[in-house]
Amino acid sequence: MTRRMVVESDLASLSIPLKFLSFSDAYLDSASRLCTVLKRSPRKSNYARGSVVLYLTFHAIELFLKGAILERKPNENLGNHDIQGLSNRYNNLYRGKKYKFHAPFISSGNKADFSEVFSPKDIEQMKIYIKKSEKKNPLDQRHRYPGNREGQPWDGAVGFEPESCLVVIKKLKADIAQVANLIFPTNTVLRGTRGKAARRV
């Protein structure tokens with residue numbers, strides 16, 4: 001049996017943004033493969049394994065957004081895991097329908113207007129509550145650990161179902177491949193059309 005060692009120097013020829021894209025693809029591919037196993041073998045499917053699929057998917061999106069931002073703005077400071085903030089920055093840098101893609105964990109950006117229902121004071125209190133809740137239950141940590149920093153269960157209910165999750169991952173993979181080919185026209189990390197990317201999952 002021949003063994004092949006893979007080493008970090010495999011990435012040496014890639015630009016920093018393409019390294020992010022390569023890691024994004026690896027995380028999303030791993031999410032897809034584990035999700036496929038959980039779909040085919042219900043006895044192996046549990047919340048802990050499902051949470052790993054969700055975390056791999058979350059991190060793949062984060063890495064793709066960072067790579068795309070760095071491709072346009074190489075000196076951008078990206079020392080956080082705020083996927084919503086990264087998405088907002090990406091949308092500011094890449095305007096136009098052809099760069100849009102839907103991803104889980106990211107809101108559409110359509111903020112509800114509660115000014116006709118609540119007083120300004122109540123709205124301010126809601127904002128404070130949301131900020132405290134986000135600090136206590138950071139989205140980038142939710143699927144990495146069984147509880148928050150205080151050892152308490154995460155707020156809210158989250159579930160995992162492999163078949164529907166796999167559909168989301170396949171669509172996300174195809175969308176990222178399509179957008180990546182626009183942002184990184186000379187890339188060798190992801191190649192192909194939507195159909196090819198979807199079949200590769």
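How many aromatic pairs does the structure hold? The count comes to 6, and bear in mind that this is a predicted model. Let's walk through two of those pairs and then look at the helices they sit on.

Start with Phe58 and Phe105. Their rings meet edge-to-face, 5.2 Å from centre to centre and with 75° between the planes. This pair links distant parts of the chain, 47 residues apart: Phe58 belongs to helix H2, while Phe105 is in the loop between H3 and helix H4 (120–136). The two partners also sit in their own surroundings. Phe58 has a relative accessibility of 1%, so it counts as buried, whereas Phe105, at 22%, is partly exposed.

Now move to Tyr90 and Phe101. Here the ring centres are 5.7 Å apart and the planes stand at 80°, so this pair is edge-to-face. Tyr90 is in helix H3 and Phe101 is in the loop between H3 and H4, so the pair ties together parts 11 residues apart in sequence. Both of these residues are buried. They also belong to one aromatic cluster, together with Phe64, Tyr94 and Tyr99.

That brings us to the helices themselves. H2 (residues 47–72) and H3 (residues 83–93) have axes that come within 9 Å and cross at roughly 35°, and the crossing is left-handed. Some familiar names turn up where they touch: Phe58 and Phe64 are among the H2 residues that meet H3, and Tyr90 is one of the H3 residues on the other side, along with others including Ile83, Leu86 and Leu93. By class, the H2–H3 contact has 10 nonpolar, 1 polar and 4 charged residues.

Terms used
Residues are numbered from 1 along each chain as its sequence is written. This is a predicted model: local features need pLDDT of at least 70, side-chain atom pairs count only at pLDDT 80 or more; totals for chains, interfaces and linings use all residues. Side-chain values use heavy atoms; hydrogens and water are left out. Axes are lines fitted to C-alpha atoms, for helices over the stretch in contact, and angles run from 0 to 180 degrees between N-to-C directions. Helices (H or I, at least four residues) and strands (E, at least two) are DSSP runs, numbered from the N terminus. A crossing is left-handed if the near helix is turned anticlockwise from the far one by less than a right angle, and right-handed if clockwise. Contact means heavy atoms within 4.5 Å. Ala, Val, Leu, Ile, Met, Phe, Trp, Tyr, Cys and Pro count as nonpolar, Asp, Glu, Lys and Arg as charged, and the others, Gly among them, as polar. Rings of Phe, Tyr and Trp (its six-membered ring) pair if their centres lie within 6.5 Å; planes under 30 degrees apart count as stacked, over 60 as edge-to-face and the rest as tilted. Buried means under 20% relative accessible area, exposed over 50%, partly exposed in between (1.4 Å probe, protein chains only).
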